[in-house]
Amino acid sequence: MKNKLFWPLVTLAVLLLANLIHNHDFFSITIQDGHLFGSLIDILNRAAPLVLISIGMTFVIATKGIDLSVGSVVSITGAMACLIISKGDGSSMSVLFTALGISLLLALAAGAWNGLLVSLLGIQPIVATLILMVAGRGVAQLITDGQILTISSKPYSFIGAGYLFGLPFSIYIIAFFFIIASVLTRKTAVGLFIESVGTNPTASRLAGIRSGLIIFIVYVLCSFLSGISGFILSSNVSSADGNNAGLWYELDAILAVVIGGNSLNGGRFYLSGTIVGALIIQTLTTSIYSMGVPPEVTLVVKSVVVLVVCLIQSEAFGSVFAARRRKRDKAAKQGVSA
Amino acid sequence: MKNIFKSSAVLLLTVTMILISACGNTDSGNKASSTNATGTEGATQTDKKITLGFAQVGAESGWRTANTKSIQDSAKAAGVDLKFSDAQQKQENQIKAIRSFIAQKVDVIAFSPVVESGWDTVLKEAKDAGIPVILTDRAVDSSDTSLYKSFLGSDFVEEGRRAGKWLLDEMKDHQGPVNIVELQGTTGSAPAIDRKKGFEEIIKNNPNLKIVKSQTGDFTRAKGKEVMEAFIKSAKAENTKMDVLYAHNDDMALGAIQALEEAGIKPGKDILIISMDGIKDAFQAMKDGKINLIVECNPLMGPQLMQIAQDVVAGKDVQKRILTNEGVFPQDTAEKELPNRQY
């Protein structure tokens with residue numbers, strides 16, 4: 001059995017190699033003000049919010065669902081946290097935890113809304129989550145009053161811009177949630193439940209799995225992780241922008257899941273593949289900035305790379321080539337024998 | 001049954017509208033005579049209250065909110081009766097609002113077009129009703145310029161030129177190349193295109209000034225910071241020193257400043273920073289020495305709009321294109337200007 005991680009890892013390696021050729025110092029990591037400093041660190045740090053959301057998205061997609069509202073949840077929690085902190089004392093820990101707590105409750109409520117629409121009311125996931133995708137950004141702008149909220153809070157900014165033992169704190173956050181998610185899904189039966197619900201919800205229910213509950217939980221989980229991403233993004237720039245925070249993250253997250261070798265048909269999921277997928281997307285973005293691709297063509301460059309990655313992974317595309325090769329080999333053989 | 005309801009509702013509405021418009025009629029009838037009188041007798045009647053219908057785009061940004069507030073406040077101050085409508089970024093809402101202004105027979109209509117095209121019909125209706133129209137902030141692409149009296153707004157190319165001129169002056173005694181990095185606005189947007197154009201037009205007068213890196217930061221802090229991080233690393237690898245940052249708006253500049261500080265580069269000292277718009281946060285940063293120049297893009301066009309509206313009603317000639325009063329703020333003005341910032 002070929003490892004699903006093979007092609008995503010090759011893609012990531014090729015991208016990094018291209019950067020190394022363009023710029024020989026790309027891998028160099030120096031120490032600046034007591035923390036590590038370099039492009040690779042940037043990529044990890046910048047990919048953190050996307051990785052978190054993609055973990056949640058992987059579970060949702062594994063149940064054959066999709067969550068379009070993640071970007072809006074990002075902007076809601078960022079806005080709420082910044083609003084509460086701006087009202088209180090920025091350096092106080094109790095204000096910080098109140099802000100994080102209330103914002104996460106909002107994220108959970110958003111997830112519960114999605115989950116109920118999909119599991120209880122049986123609305124198509126793409127439509128059910130579209131509602132919050134549109135409305136959520138409005139909610140975020142209501143919270144910030146349409147303005148960009150700027151805050152100066154040392155403890156809050158540590159989440160997205162702080163360093164612990166020389167590495168960005170956000171990396172620890174994703175490591176933490178990745179380990180929890182892996183253990184939860186691979187060492188307990190939860191992962192199996194999710195996969196079985198994704199394969200056939202009715203059969204799973206008849207087999208004794210509470211399909212509705214599982215579906216509900218994955219949406220709540222996805223919103224929860226998006227909420228934490230919201231903290232990372234807004235604390236990184238110490239401001240909340242209801243209009244732009246997390247814009248188009250839903251598409252990037254879905255892409256990360258797909259590039260990571262997951263099928264949108266659900267039933268199976270590869271968490272590590274998703275992580276690599278998210279890293280590929282961020283590496284691509286960072287490469288575009290550092291190689292100086294003109295802004296008018298960046299989207300084209302991005303889409304070409306994504307297309308190539310998808311083609312490589314497509315079985316149908318691969319089999320066309322395999323068939324051709326077989327034909328050629330056969331012809332060559334005949335040529336030799338003739 | 002339903003039909004009876006419907007028709008009685010329509011009837012009620014019609015009656016109300018006739019009543020309203022009748023009131024409006026007498027009112028504006030008076031006004032028309034008073035404006036005529038002004039023409040002959042001089043300025044005795046100019047304090048007559050004029051009615052201005054204003055159709056705003058929406059409340060999509062802090063800039064826009066400040067714009068709205070300025071218009072509302074200055075209408076009150078100028079004694080203008082303001083009828084305000086918020087189009088929520090939809091053209092059809094704006095057209096509806098303008099039609100209702102025409103029906104109410106306001107003295108002047110002003111609006112910021114959501115989009116450039118598709119205004120001819122409704123503007124013609126206003127013209128036929130004899131109501132002058134003033135455009136604010138954004139233009140229409142109508143070929144018939146007689147459809148509106150005046151266009152009050154910023155000139156983004158000029159803003160770019162102002163930034164360029166300051167830099168040209170700042171660098172006139174500088175020897176050797178000056179490396180400029182640019183954070184562009186959203187690709188394809190008018191401010192991004194025009195601010196780049198105006199800036200390049202001026203700096204090409206000095207061959208030492210070169211834009212070495214240019215990338216879009218989508219007018220946001222997060223993207224501005226992310227792009228700047230990548231710029232810092234690649235500049236380091238290429239051994240180029242970044243001397244100047246030219247950001248197409250304040251938010252990107254503020255994001256870039258964070259990236260610079262995290263990389264141990266002192267913004268405002270190791271690298272000159274030019275920013276645009278002039279929001280409060282940027283003036284705060286300039287006061288702290290982190291920004292060297294802010295070219296203002298002023299949303300506070302209320303007082304100017306009221307003046308134009310009064311001039312138009314008084315029958316005076318107004319210029320077709322009026323620029324908003326906008327300043328260029330070097331670092332030493334930051335402390336004095338900061339308390340005046342309203343947005």
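**Exercise 1. Domains and composition of chain B**

Which residues does the domain assignment of chain B give to domain 1 and to domain 2? State also the distance between the domain centres and describe the make-up of the chain.

*Solution.* The model is predicted. Step one is to read the assignment: domain 1 of chain B comprises 49-154 + 300-325, and domain 2 covers 156-297. Step two concerns their placement: the C-alpha centres of domain 1 and domain 2 of chain B are 33 Å apart. Step three turns to secondary structure, where chain B has eleven helices and twelve strands. In step four, burial and contacts are added. Of the 343 residues in chain B, 52% are buried. Among contacts in chain B with a separation of 6 or more, 73% join residues 24 or more positions apart.

**Exercise 2. Confidence**

Identify the elements of chain B with the lowest and the highest mean pLDDT, and place them against the values for the chain and the complex.

*Solution.* Begin with the complex: the predictor assigns an ipTM of 0.86 and a pTM of 0.80. Next, chain B has a mean pLDDT of 85, with 85% of its residues at 70 or more. Then compare the elements of chain B: helix H1 (residues 2-41) has the lowest mean pLDDT, 47, whereas strand S8 (residues 244-247) has the highest, 96. Finally, residues 20-45 of chain B keep a pLDDT under 50, and the model shows 17 contacts beyond four places in sequence for them.

**Exercise 3. Two residues compared with a cut-off**

Decide whether B:Ala55 and A:Ser223 are buried or exposed, and list their contacts.

*Solution.* The criterion for a buried residue is a relative accessible area under 20%. B:Ala55 lies in strand S1 (residues 51-56) of chain B. Because its relative accessibility is 1%, B:Ala55 counts as buried. Beyond four places in sequence, B:Ala55 touches B:Ser85, B:Gln94, B:Ala97, B:Phe101, B:Ala110, B:Phe111 and B:Ser112. B:Ala314, by contrast, is 259 residues from B:Ala55 in sequence and 22 Å from it in space, C-alpha to C-alpha.

A:Ser223 is found in helix H10 of chain A. Its relative accessible area is 1%, so A:Ser223 is buried. With neighbours within four places in sequence set aside, the contacts of A:Ser223 are A:Val73, A:Ala107, A:Ala110, A:Gly111 and A:Asn114.

**Exercise 4. The largest cavity**

Characterise the largest cavity by volume, lining and contributing elements.

*Solution.* First, the structure holds three cavities of 30 Å³ or more. The volume of the largest cavity is about 110 Å³. Second, 13 residues line the largest cavity, and A:Phe37, A:Asp42, A:Tyr163, B:Glu229 and B:Lys233 lie nearest its centre. Third, at least two lining residues each come from strand S2 (35-37) and helix H2 (39-62) of chain A and from helix H7 (221-238) and helix H8 (250-262) of chain B. Fourth, the lining of the largest cavity has six nonpolar, three polar and four charged residues.

**Exercise 5. The second largest pocket**

Describe the second largest pocket, and name the element that gives the most to its lining.

*Solution.* The second largest pocket holds about 1200 Å³ of space. Its lining numbers 45 residues, with A:Leu247, A:Trp248, A:Lys302, B:Asp218 and B:Lys223 closest to the centre. Elements giving two or more residues to this lining include H2 and helix H10 (211-236) of chain A, together with strand S7 (209-216) and H7 of chain B. H12(A) gives the most, six residues. By class, the lining of the second largest pocket divides into 20 nonpolar, 16 polar and nine charged residues.

How values were computed: Residues are numbered from 1 along each chain as its sequence is written. Chains are lettered from A and ligands numbered from 1 in the order in which they are written. This is a predicted model: local features need pLDDT of at least 70, side-chain atom pairs count only at pLDDT 80 or more; totals for chains, interfaces and linings use all residues. Side-chain values use heavy atoms; hydrogens and water are left out. Domain bounds come from an automatic or database domain assignment. On a 1 Å grid over the protein atoms alone, a cavity is a set of points where a 1.4 Å probe fits but cannot get out, and a pocket is an open set with protein on both sides within 12 Å along at least five of seven lines; lining residues have an atom within 4 Å of a point. Grid points are joined across faces, edges and corners, and a volume is the space filled by probe spheres set on the points. Helices (H or I, at least four residues) and strands (E, at least two) are DSSP runs, numbered from the N terminus. Ala, Val, Leu, Ile, Met, Phe, Trp, Tyr, Cys and Pro count as nonpolar, Asp, Glu, Lys and Arg as charged, and the others, Gly among them, as polar. Buried means under 20% relative accessible area, exposed over 50%, partly exposed in between (1.4 Å probe, protein chains only). Contact means heavy atoms within 4.5 Å. pLDDT is the predictor's confidence in each residue, from 0 to 100.
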